[in-house]
Amino acid sequence: MTFAGAPDAPDPAGVYSGTQLVLVKTDGMTFPGGDAWKCLTCGTPVANRQGMTDDTSYPQPFADGRRVLYGTNVVDCGPYRLASPACTPARVHVYPIRWNTSADGSGPGTPVRELRLHPDQVHLGFNSVSVTGGRLDQYGYFGRLRFDPAPTAGEPLAPRYELEKVTRLFDASPTAQPVHVDPRDPSKLVFDPSLPGVGEFRGFSKDGREAFYVGYPVESSNIDLMAVDLRTGRVRRMTANPGYTDPVDASPDGRWIVALDTRGYDRMTFVSGMTGIPAITDLLSTSVVSSVRNNGQRRFFQPYLIDRHGDRGAYQGRQLNYAKTSPDWNAGADPRWSPDGTAVVYHERQVSAPSCGGANPLPCPVSTEPGARRTRLMIARLVERKPVHPLVVKRVSDTVPWGTPYVPGTAAPERPYPPQGTYLLRGKASGSARVDIVWDDAKTAVKTVSLRYKRYSDVGGAGFLDGSESVTRTSTSTTLTTLDWYSDLVRTGRNGKVPATKKTGTDGFHLTIDLWQTVFRATGTLTTTVGSQTYTQPANGT
């Protein structure tokens with residue numbers, strides 16, 4: 001958090017300036033000074049934070065009560081518990097986390113992001129972004145934390161944590177991809193979303209056996225949470241709603257998750273609401289479609305309580321803050337369960353400029369919070385639940401058999417894609433689709449994916465998919481992407497399955513978005529109709 005009105009040094013209160021890590025009482029009690037909060041990092045001596053990184057996102061406490069994973073740092077109070085009066089700023093140390101990626105161990109290492117602590121308190125999951133083949137890409141990783149009090153190589157030459165025994169949670173062989181050419185018949189395409197491949201790592205199950213992640217979609221344009229067993233590679237789908245989700249935390253007993261999801265806003269439904277479409281055009285569209293979830297810094301998330309078995313049929317979980325929510329306030333990553341499983345904490349942000357006001361058609365709301373602040377910390381108490389005991393987790397293996405051990409000095413791989421050509425994709429239950437894949441003139445990347453469906457179905461009794469869809473990608477930079485989209489799909493109902501259509505206007509649908517800025521800009525229309533409900537795209541800039 002940041003303290004309003006904190007002065008700069010040398011004012012004694014300057015220790016409160018900047019971003020700080022704060023411990024907050026949730027039981028109505030106070031710390032010895034009379035406050036319900038205690039700043040852990042205010043006034044930490046410079047000598048105690050050598051090499052500290054700027055990334056202080058997603059604080060996560062260690063079970064020992066003495067340490068906190070603080071972005072790409074670890075806050076450590078030595079033998080003292082953080083809540084103890086004995087844990088003073090002079091006793092707090094902030095140690096950076098370094099991932100060595102050079103063959104000789106030199107240099108600062110490669111930046112990592114979205115770190116999550118494994119329940120065994122020894123391992124970490126994280127992500128790393130790279131540019132391969134001129135395109136932005138990201139892989140998830142699993143590694144072990146080791147404290148080095150006196151490093152002799154690499155940067156910084158200060159006490160730090162090292163990431164060791166790292167495994168990339170990805171197999172780069174062509175047949176390990178969800179969409180690949182059938183090795184027995186090169187005229188056919190295989191779609192198998194049960195193959196593990198972590199796109200963005202998001203956390204762990206509380207028994208430590210599974211990694212949670214956002215990966216390749218099961219259904220076209222529907223970005224869901226998945227779980228993969230670290231030992232066996234078995235994949236299960238955690239969410240299936242057409243909304244987008246990625247922030248997640250599992251309950252201490254592993255029976256529930258809380259996910260932050262856009263469901264309820266129908267922001268994504270214009271592109272993802274039609275179920276039963278195999279994720280083939282997603283070879284081009286996944287990163288762009290996922291970016292529609294935000295409007296710049298505005299999130300459209302709300303917290304949802306979902307049981308371990310995930311979305312299924314009419315069961316779509318339950319919104320935690322249904323009676324207290326406002327569309328102007330949206331949740332931000334990550335939600336966290338209390339250790340006894342009776343409460344969930346999350347934070348909210350009120351929509352602010354430039355996501356509203358000025359040239360934006362959405363007016364900016366006036367905050368009624370104390371000090372007109374536009375962020376707030378929330379706690380949802382599950383009043384009917386009895387306290388549970390956290391699972392006891394033993395140290396897991398460093399080895400992930402289905403992943404790829406990382407060798408320092410080697411580059412991230414390019415993702416394999418099917419070669420240019422025309423293929424047959426057979427439905428698992430009925431019908432087929434003709435698939436045309438076209439690479440760019442330089443033969444460095446897939447440019448166009450087109451399909452024509454004929455009574456296609458992957459699930460018996462779920463109706464049939466007919467029609468055509470084509471997506472072409474043009475990029476003007478590493479992160480700025482334009483998709484030219486043409487769709488004319490019809491799903492006929494059967495055995496209670498609601499009929500649906502997904503159609504673009506006469507001139508198609510042309511979406512341009514920056515993967516980091518995530519501001520929606522499009523011309524043309526893309527509309528999905530499910531039964532009597534029609535879903536249209538967001539207005540530009542909203």
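A charge is taken to sit over a ring if NZ of Lys or CZ of Arg is within 6 Å of the ring centre and within 35 degrees of the ring normal. The table lists two such arrangements in this predicted model.

| Charged residue | Ring | Distance from ring centre |
|---|---|---|
| R385 | W256 | 4.2 Å |
| R455 | F464 | 3.8 Å |

Residues are numbered from 1 along each chain as its sequence is written, and side-chain values use heavy atoms, with hydrogens and water left out. Because the model is predicted, local features need pLDDT of at least 70 and side-chain atom pairs count only at pLDDT 80 or more, whereas totals for chains, interfaces and linings use all residues.

The largest nonpolar core (buried Ala, Val, Leu, Ile, Met, Phe, Trp, Tyr and Cys residues joined through side-chain atoms within 4.5 Å) has 60 residues, of which L189, I280 and V435 touch the most other members. Strand β27 (residues 446-457; strands are DSSP E runs of at least two residues, numbered from the N terminus) gives the most to this core, with five residues. Residues up to four places away in sequence aside, L189 has contacts (heavy atoms within 4.5 Å) that include V179, V181, I280, V435 and I437. A second, separate core of 19 residues includes F62, Y95, W99 and Y161.

Helix α2 (residues 282-291; helices are DSSP H or I runs of at least four residues) is largely enclosed by the rest of the structure, because nine of its ten residues are buried, where buried means under 20% relative accessible area with a 1.4 Å probe, protein chains only. Among these buried residues are D282, L283, L284 and V288.

Conventions: Buried means under 20% relative accessible area, exposed over 50%, partly exposed in between (1.4 Å probe, protein chains only).
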